[in-house]
Amino acid sequence: MNRREFLKRLALSAGASVALPAAAVWDKFGVEAFPLKAPSYAGHLMVNGSAPAIGMVAVGSGACGMLRNWPGNSPALQRRVAIDTSPFVLHRTQADRSVRVGQAAEKISDPKTLRLQARAAQAEIRDALAGLDLIWLLSSQGGNAGTGIAPIVAEVARALAIPVIAVSVTPFAFEGERRSQVARAGLNAITRRVMASIELPNEAYVTDDDDETLETVLGRVTSDLEQLYRATTLVLGPQGLIGVDLADVRAVTARAQGALAVGHGAASGPEALRAACSAAANHRLLGEDRLLQAKGAFVAVELKSDRGAMSSVGQLMQAMGLAVNDPAALLIYGLAVEPDLPSDVRISIMAAL
Ligand SMILES: Nc1nc2c(ncn2[C@@H]2O[C@H](COP(=O)(O)OP(=O)(O)O)[C@@H](O)[C@H]2O)c(=O)[nH]1
Ligand SMILES: [Mg+2]
């Protein structure tokens, strides 16, 4: 597609989001056909012209550990919130706000009891979330705290009409079947309550390399989450050349009842775009075969330089259109220029499967 055609399409599409011609069948297969229980969010990330307040809310010991090591230079991150049963975990996390659920005198609880205790702490949770424009709800699933409390945090956010992108870390296979079942139940409970729900299964990050440390494996999980956060924030925020908004994210997630599969990839050089696209499609959490089945995808493109950006996006739209089988699939692109990018192009895909 040439630049003129591209701009025309840009002007035609509602708001500033860009969609493939496939999206023209919106009315027939539109979001309304896939009712979500979550309220609809008007939300563009620019709120009254000021920077949006994004919160990273960690629930459970594993999630709090990830939050503790979260990079300080994360774009638009205004508040870190830690929620757990353990005062030691909360102290160690050093978040801007902490909410302790349950009392020391109580014995270690199962997720169900913790859900009740979290309900009892709703006022504190509400205070910790109030004023945020978007919440990333990071929880570790399969134990007690993350599994029991995170769905209640999602409910509180919903009552405050704050959109939530949930990222749930689920256990390794070696942790046993029971933990994995508990995690599955927790993940379902969260997915039903949020705008978008992403699972990061620890097991998917294990490689054949026996010498690899647990720390290395867990580091990969955290770095995927960081990339997801950064790409989403850049294309939603003021750096976005082609701006997209939360309604676009929601339109995609609505096609999969909230659940998204994610992947990202980066590349440099003359074939960078194609290579990054292919790397993202073949990310360990995605895979080309699965992407072919997608009912929709939200694609965040980060470019080191805006030279050639327009033709890049045209190429990308074509490549992605070919990568997704369903002609009625809703494909939404956001583009941001990021001079600090370590490679020429980075592509992040959130797919509704
Ligand atoms: N990726 C990652 N996963 C973790 C980490 N710590 C714990 N987990 C996972 O999270 C699951 C829940 O554990 P945990 O958060 O300790 O349970 P809780 O405190 O009772 O909610 C575990 O089964 C692990 O698979 C971590 O630092 N990184
Ligand atoms: Mg714990």
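Select Gly143 first: apart from residues up to four places away in sequence, Gly143 touches Pro111, Arg179 and Val182, a contact being heavy atoms within 4.5 Å. The model is predicted, so local features need pLDDT of at least 70 and side-chain atom pairs count only at pLDDT 80 or more, whereas totals for chains, interfaces and linings use all residues. Residues are numbered from 1 along each chain as its sequence is written, chains are lettered from A and ligands numbered from 1 in the order in which they are written, and side-chain values use heavy atoms, with hydrogens and water left out.

**Gly143 and its surroundings**

Gly143 is located in the loop between β5 and α7; helices (H or I, at least four residues) and strands (E, at least two) are DSSP runs, numbered from the N terminus. With a relative accessibility of 18%, Gly143 counts as buried, where buried means under 20% relative accessible area, exposed over 50%, and partly exposed in between (1.4 Å probe, protein chains only). Display the C-alpha atoms of Gly143 and Arg179: they are 6.8 Å apart in space, although the two residues are 36 residues apart in sequence.

**The whole chain**

Zoom out to the full protein chain, which has 13 helices and twelve strands. Of its 353 residues, 55% are buried. Among contacts with a separation of 6 or more, 79% are between residues 24 or more positions apart. The accessible surface comes to about 15700 Å², and 51% of that surface belongs to carbon and sulfur atoms; accessible areas come from the Shrake-Rupley method with a 1.4 Å probe, and for residues only the protein chains shown count as cover.

**Helix α8**

Next, select residues 177–191, which form helix α8. Its 15 residues should span 21 Å at 1.5 Å a residue, and the end C-alpha atoms are 21 Å apart, which agrees; the expected span is 1.5 Å times one less than the number of residues. Colour Val182, Ala183, Gly186, Leu187, Ala189, Ile190 and Thr191, which are buried in α8. Which elements do the buried residues of α8 pack against? They pack against the helices α5 (111–120) and α7 (145–159), and against the strands β5 (134–140), β6 (164–170), β7 (196–201) and β9 (259–267).

**Salt bridges**

Now show the charged side chains. Eight salt bridges are present in the structure, each a side-chain nitrogen of Lys or Arg within 4 Å of a carboxyl oxygen of Asp or Glu. Begin with Arg119 and Glu155, whose closest N and O atoms are 3.1 Å apart. This pair links distant parts of the chain, Arg119 being in helix α5 and Glu155 in helix α7, 36 residues apart. Arg119 is partly exposed at 35% relative accessibility, and Glu155 is partly exposed at 24%. Add Arg193 to the selection: Arg119, Glu155 and Arg193 are linked in a network of salt bridges.

Move to Arg220 and Glu212, a salt bridge with closest N and O atoms 2.5 Å apart. Glu212 is partly exposed, with 22% relative accessibility.

Then select Glu338 and Arg230, where the closest N and O atoms of the salt bridge are 3.0 Å apart. Glu338 lies in the loop between β11 (330–337) and β12 (345–352) and Arg230 in helix α9, so this pair ties together parts that are 108 residues apart in sequence. Glu338 counts as buried, at 15% relative accessibility.

**A nonpolar patch**

Select Phe174, Leu214 and Leu218, which make a nonpolar surface patch of about 310 Å². Patches are made of residues with over 30% relative accessible area and no salt bridge, with like charges joined within 9 Å and nonpolar side chains (Val, Leu, Ile, Met, Phe, Trp, Tyr) within 5 Å. Leu218 belongs to helix α9 (residues 214–236) and is partly exposed, with a relative accessible area of 33%.

**Cysteines**

The structure contains zero disulfides, a disulfide being a pair of cysteine sulfur atoms within 2.5 Å. Two cysteines merit selection: Cys64 is buried at 0% relative accessible area, and Cys277 is buried at 7% relative accessibility.

**Backbone stops**

Most residues other than glycine have a negative phi. Where does Gln94 lie? Gln94 is in the loop between α4 (87–93) and β4 (97–100); it is not a glycine, yet its phi is positive, about 55°. Gln94 counts as exposed, at 58% relative accessibility. Finish at Ala161, in the loop between α7 and β6. Ala161 also has a positive phi, about 60°, although it is not a glycine, and Ala161 is partly exposed, with a relative accessible area of 48%.
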